[in-house]
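Good morning, and thank you for making the time. I should like to take you through one model, beginning with its confidence and ending with the contact between its chains.

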Amino acid sequence: MIFGLEFPPIENLVEWPNFAGDSWYGFNKIALTYLIATAATAIFFLVAASGKSLVPKGVQNLAESSVKFIEDGIVMETIGPDGIRYIPYLASLFFFILISNLFEVVPGWQMPANARMGGPAFLALLTWAFFIIVGIKHQGPLKYFKGALFPPGVPKALYILVTPIEFISTFLVRPFSLAVRLFANMLAGHILLVTFAVLCATLWALNGLVLALPFSFFMLVALTGFEIMVSFLQAYIFTILAAVYLGGAMHPEH
Amino acid sequence: MSALVLAQEAVAQTPDDIKAAAGAQGAGMAYGLAAIGPGIGIGYLVGQSVQAMARQPEAAGMVRTTMFLGIAFTEALALIGFVVFILLKFV
């Protein structure tokens, strides 16, 4: 306690009690957030798909621009035209992560569901399985692993060094870094917002230090805006890295 | 560093306290050191990509995409340092 300012224990920031049910299969706020994100993504695209006008308006226009953004900005830049069949997966991934991240700044809710490792770990494992299966399907298992672990153009003696590095970097570090990047960004943003919010509340309650309140409040507002940008950016980076890994699995290095 | 260790031993008494104090010290050092490299790396990367976009504005879209990819990779290292911080301080 410094000047009467106390920070809540970290469990209060990230652990949520179950609404009903026992420990690990109980339903809590994080699960509810993921449910809402899934439902919102599904309803958004279903409603947009039911509008069949050639010149899109309203929700259909929004959904078509989003798919165009994924197609031009993510798939065309990294995979090329053969990647168009993966746009459904990448678009769903992008919107699911975006909506579950945006709950960090919704007043009253204020918990990004990806601040717990469960969601990011699952999405990373799913993407990892996906790009391995795509590689095996496109190039055959032997050729895919041979091309990934023994990249062509390397002098034969150096394979002793290069192959373990390639194995660790392609099959171990990729899913781990995908999960940790999303998780740690969201957790760090959440802790920052909680710090400044608790600071504002405490400074308001303690009349002696209230002169510092505008600065703390300004930081809280600025960080909320920053966290909106980070939510979008992390969804974009997860999706574009998934696209890069898919492209790497489909097109072997020559 | 030894002054910190002495101060820590003067105040913390039980083994749990010493562990918590050492964990907090290690956590601070861990994240502080982990933030240096990616800070320099991302600054250099964005500077080079701004230069590239200024030299050839038609390639700006491609440069921007590659810039985001590069930022994601270097930032992952800083974030792994943050995870180490959380593990040392709160676990």
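I shall treat confidence first, then chain A, then the core, and lastly the interface.

This is a predicted model, in which local features need pLDDT of at least 70 and side-chain atom pairs count only at pLDDT 80 or more, while totals for chains, interfaces and linings use all residues. Residues are numbered from 1 along each chain as its sequence is written, with chains lettered from A and ligands numbered from 1 in the order in which they are written.

The model has an ipTM of 0.80 and a pTM of 0.89. In pLDDT, the predictor's confidence in each residue from 0 to 100, chain A averages 88, and 97% of its residues score at least 70. For chain B the mean is 87, with 89% of residues at 70 or more. Within chain B, helix α1 (residues 2–11) has the lowest mean, 67, and helix α3 (residues 36–55) the highest, 96.

Chain A contains 8 helices and 0 strands; these are DSSP runs, numbered from the N terminus, with helices being H or I of at least four residues and strands E of at least two. Buried residues account for 30% of its 254 residues. Here a residue is buried if 20 or more other C-beta atoms, placed from the backbone, lie within 10 Å of its own, exposed if 12 or fewer, and partly exposed in between.

Which residues touch the most other members of the largest nonpolar core? They are A:Leu90, A:Phe94 and A:Phe238, in a core of 49 residues. Such a core is a set of buried Ala, Val, Leu, Ile, Met, Phe, Trp, Tyr and Cys residues joined through C-beta atoms within 7 Å. Its largest share, 11 residues, comes from α8(A).

That helix brings us to the interface. Helix α8 (residues 213–250) of chain A packs against helix α4 (residues 60–90) of chain B at an angle of about 100°, with the axes 10 Å apart. The two are therefore roughly perpendicular, a label covering 65 to 115 degrees, where under 35 is roughly parallel, over 145 roughly antiparallel and the rest oblique. On α8(A), the contact is made by A:Ile237, A:Ile240, A:Leu241 and A:Val244, and on α4(B) by B:Phe68, B:Leu69 and B:Ala72. Contact requires C-beta atoms, placed from the backbone, within 7 Å. Overall, 12 residues of chain B are in contact with 12 residues of chain A.

Notes:
Axes are lines fitted to C-alpha atoms, for helices over the stretch in contact, and angles run from 0 to 180 degrees between N-to-C directions. Two residues are in contact if their C-beta atoms, placed from the backbone, lie within 7 Å.
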